[in-house]
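Student: Hi! Could you walk me through this one? I'd like to go over a few side chains and then the overall layout.

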Amino acid sequence: MTQYAEVIGDPIRQSKSPVIHGFWIEKLGLDAEHRAALVPEGGLGEYLASRRGDNDWCGCNVTMPHKQAIIPLLDRLEPLAKRIGAVNTVVKAPDGKLVGRNTDVAGFLEPLAERLREQHYFRMGRVLGTGGAARAIVAGLVKEGFTLVLAGRNPDKARALLEELAPGGEHHTAPLDHFASATDFDFDDREGCCDLVVNASPLGMRGQQPLTFHWSHAPPGSIAYDIVTNPVDTAFLKSARAAGFETIDGLAMLIGQAAAAFTHFFGVEPPRGDDGELRERLLL
């Protein structure tokens with residue numbers, strides 16, 4: 001029988017996960033499939049109940065709005081997913097139990113790996129958003145020694161998130177609209193620093209409100225990183241390049257987190273030497 005995994009969410013038509021996993025399945029010649037399943041809010045219990053007894057189902061990727069809602073429906077969580085409080089991958093264990101994992105941290109950090117191998121005397125990340133993806137990003141950046149400014153529409157929610165995931169750190173919060181207008185702040189010498197500006201929200205996604213960020217808030221040499229994948233080249237990234245900043249698009253994180261999930265699903269590592277071809281396919 002053909003083994004299969006799925007990506008679940010609502011909406012789901014925009015998901016690129018079936019293309020990514022299908023590409024690797026094709027390259028490896030596996031007898032497997034990766035599908036998309038529309039699961040509306042309130043439908044998680046029914047979905048998981050139907051898959052538990054399906055011997056061919058090996059798990060699912062989890063996207064909006066289910067990354068936190070799915071947790072109480074699972075049998076156990078890996079430690080990282082438990083600490084973050086968000087699940088983006090569910091795997092059926094050999095004993096039939098449903099295990100929640102989080103591969104967003106690994107996926108987010110992957111395109112930064114070379115930069116993070118360098119020594120910096122200070123690392124700062126401005127993270128925009130307080131949802132499930134932001135939780136993983138905050139956890140990953142704190143692990144890598146970043147001081148954070150977490151911005152959200154509700155600063156109290158941002159503060160609670162920092163207190164939960166990064167207690168005791170010298171981190172800060174700000175209302176999201178703080179970054180919408182220009183600032184005349186005079187940044188100090190950034191030699192030896194690593195600065196990130198991350199859109200961890202759905203703002204700027206097709207069908208969502210735009211993200212307004214004035215690049216006078218970004219220190220010289222900052223990297224602009226947008227996790228949105230539809231469109232891939234967002235207005236946020238275009239404006240960052242126009243202001244002279246290096247950019248990383250959402251496909252980098254998407255492919256990275258999918259690679260970790262693929263190994264959990266199918267028991268083999270994906271062929272990462274073909275990432276260039278995969279990106280071309282995703283851009284069609």
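Student: Let's start with R101: is it buried, partly exposed or exposed?

Tutor: Happy to help, and keep in mind that this is a predicted model. R101 comes out as partly exposed, with a relative accessibility of 25%.

Student: And which side chain does R101 meet in a salt bridge?

Tutor: That would be E78, with an N to O distance of 3.7 Å. R101 sits in strand β6 (residues 98-101), while E78 is in the loop between β4 (76-77) and α3 (79-84), so the pair links parts 23 residues apart in sequence.

Student: Is E78 buried or exposed?

Tutor: E78 is buried, at 17% relative accessibility.

Student: How many salt bridges does the structure hold?

Tutor: There are 19. As general background, side chains of opposite charge can pair when their charged atoms come close.

Student: What about R281, which residue is its salt-bridge partner?

Tutor: R281 pairs with E26, at 3.3 Å from N to O. Here R281 belongs to helix α10 (residues 275-282) and E26 to helix α1 (residues 17-28), so this contact ties together parts that are 255 residues apart in sequence. On accessibility, R281 is partly exposed at 30%, and E26 is exposed at 52%.

Student: Where does R135 fit in, and what is its partner?

Tutor: R135 forms a salt bridge with E164, and their closest N and O atoms are 2.6 Å apart. Two helices are joined by this pair: R135 lies in α6 (residues 132-143) and E164 in α7 (residues 155-165), so parts 29 residues apart in sequence are tied together. R135 is buried, with a relative accessible area of 8%, whereas E164 is partly exposed at 47%.

Student: Which residues are linked in a network of salt bridges?

Tutor: R126, D188, R190 and D195 are linked that way.

Student: Switching to cysteines: how many disulfides are there?

Tutor: Zero.

Student: Why is C58 without a bond?

Tutor: Because the closest cysteine sulfur, in C60, is 9.6 Å from the sulfur of C58, and that is too far. The cut-off for a disulfide is 2.5 Å between the sulfur atoms. C194 is in no disulfide either: its nearest cysteine sulfur belongs to C193 and is 8.7 Å away.

Student: Are those two, C58 and C194, buried or exposed?

Tutor: C58 is buried, at 6% relative accessibility. C194 is buried as well, at 3%.

Student: Now the layout. What order do the strands of the sheet follow?

Tutor: Six strands make an open sheet with mixed pairing, and the order is β2-β1-β3-β5-β6-β4. At the edges are β2 (32-38) and β4, each of which pairs on one side only.

Student: How do β5 and β6 pair, parallel or antiparallel?

Tutor: Antiparallel, with four bridges between β6 and β5 (residues 89-92). Our friend R101 turns up again here, as the bridge partner of T89.

Student: Which strands does helix α2 touch?

Tutor: Helix α2 (residues 44-52) packs on the sheet and touches β1 (3-9), β2, β3 (57-62), β5 and β6. The direction of α2 makes about 180° with that of β1.

Student: And which strands does helix α9 lie across?

Tutor: Helix α9 (residues 250-266) lies across β1, β2, β3, β5 and β6. Relative to β3, helix α9 runs at about 160°.

Conventions: Residues are numbered from 1 along each chain as its sequence is written. This is a predicted model: local features need pLDDT of at least 70, side-chain atom pairs count only at pLDDT 80 or more; totals for chains, interfaces and linings use all residues. Side-chain values use heavy atoms; hydrogens and water are left out. Buried means under 20% relative accessible area, exposed over 50%, partly exposed in between (1.4 Å probe, protein chains only). A salt bridge is a side-chain nitrogen of Lys or Arg within 4 Å of a carboxyl oxygen of Asp or Glu. Two strands pair if DSSP finds at least two bridges between them. Contact means heavy atoms within 4.5 Å. Axes are lines fitted to C-alpha atoms, for helices over the stretch in contact, and angles run from 0 to 180 degrees between N-to-C directions.
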